[in-house]
Amino acid sequence: MTQDGLLPLYEQVRRRLLSEIETGRLAEGSFLPPEFELCATYGVSRITLRRAVGELCAEGVLIRQQGRGTVIAPRKLQQSISLSGFADVVEGRGHKAGHRILGREDGADAPAAASRLRAERVVRFVRLLEIDDRPMTLETLFFDEERFADAVGPVGTGESFFATLRASYGVEPEHAERVIDVGFARASEAQSLGVSTTEPVYRIEKLVLGAGGAPIALSHTITPCRLVTLAVKN
């Protein structure tokens, strides 16, 4: 008898499902086969199968979608709390980064953001940051519309903000101040990210500073916790 035989039946099924997910036989983003098919494959009852699937849902490996089925969750991306921008982190790991523009306001009515950026006039972009064409993070980005006028157009067409700053101004971030919180997605946020309003999300406010402590950009990001593991770099 193998050691697995000493485990509860649902745990054996959980481990077999997890193994198939980790080896790619059940691909991330795809739906689990129907219950009757899985029950036949593993030789278990629906009660046992549902217990195993429920455990994997609680771990964030699987996601139940009302009326559609159970989907294999994307693997978590380890996101360093560093000065690297979204595109730098994602592309550095061999993925495709995307910036889908959901909204833009020139001369935004945002006095708090303008004050923190020491700017007379700020532009606000609402962007959906994507990995391999899948929603990852909802971001509201503010920057000085006059100081970085040449960045407004490229960012508005989906280019990376920090890559644009490097190319157009030779500006590099040197420091960042962050406030990190965890909460739940609001209805409009959940709709953009394709999640439910009961899903925990990271809320991160980041003020990026350049040479001499000059502010470069202010952003507010919302990312589902199941998609990201935050790592701190000193």
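**Salt bridges, a covered strand and one short helix**

I'll start with R134, which is partly exposed, with a relative accessible area of 32%. Before going on, please keep in mind that this is a predicted model.

What does the side chain of R134 meet in a salt bridge? The partner is E28, with 3.0 Å from N to O. E28 sits in the loop between helix 1 and helix 2, while R134 belongs to strand 6, residues 134-144, so this pair ties together parts that are 106 residues apart in sequence. E28 also counts as partly exposed, at 36% relative accessibility.

Strand 6 brings me to its neighbour, strand 5. Strand 5 covers residues 122-131 and is mostly covered, with eight of its ten residues buried. Which way do strand 5 and strand 6 run, parallel or antiparallel? They run antiparallel, and ten bridges join them. As one example of the register, R127 stands opposite E139 in strand 6. The hairpin of these two strands has two residues between the strands, and there D132 takes a positive phi near 50 degrees.

Strand 5 also pairs with strand 4, residues 97-105, again in the antiparallel sense, over eight bridges. In that pairing, R104 has F125 of strand 5 as its bridge partner. The side chain of R104 has a partner of another kind: it meets D106 in a salt bridge, 3.0 Å from N to O. Both ends of that contact are partly exposed, R104 at 45% relative accessibility and D106 at 35%.

Now the other salt bridges. How many does the structure hold? The count is 16. One of them joins R203 and E189, where the closest N and O atoms are 2.7 Å apart. R203 is in strand 8, residues 200-209, and E189 is in helix 8, residues 187-193, so the pair ties together parts that are 14 residues apart in sequence. E189 is buried, with a relative accessible area of 8%. There is also a network of salt bridges, which links E11, R14 and R15.

Next, helix 2, residues 35-42. Which residues of this helix are buried? They are L38, C39 and Y42. Their arc around the axis is only 100 degrees, and that puts the three on the same side of helix 2. On the other side, F36 and A40 are exposed. As for what lies against the buried residues, they pack against helix 1, residues 9-22, and helix 3, residues 46-58. Just after helix 2 comes G43, with a positive phi of about 65 degrees.

C39 leads to the last topic, the cysteines. How many disulfides are there? The count comes to zero, taking a disulfide as two cysteine sulfur atoms within 2.5 Å. C57 is in no disulfide, and the nearest cysteine sulfur to it, that of C39, is 15 Å away. Why does C225 have no bond to the closest cysteine sulfur? That sulfur, in C57, is 17 Å from the sulfur of C225, which is too far for a bond. C225 itself counts as buried, at 14% relative accessibility.

To recap: E28 and R134 meet in a salt bridge, strand 5 pairs with strand 4 and with strand 6, the buried residues of helix 2 pack against helix 1 and helix 3, and the disulfide count is zero. That's it from me.

Note on methods. Residues numbered from 1 in each chain as written. Predicted model: local features only at pLDDT ≥ 70, side-chain atom pairs only at ≥ 80, totals over all residues. Heavy atoms only, no water. Buried < 20%, exposed > 50% of the residue type's maximum accessible area, 1.4 Å probe, protein only. Helix = DSSP H or I, 4+ residues; strand = E, 2+ residues; numbered from the N terminus. Arc of directions from axis to C-beta. Contact = heavy atoms within 4.5 Å. Salt bridge = Lys/Arg side-chain N within 4 Å of Asp/Glu carboxyl O. Pairing = 2+ DSSP bridges.
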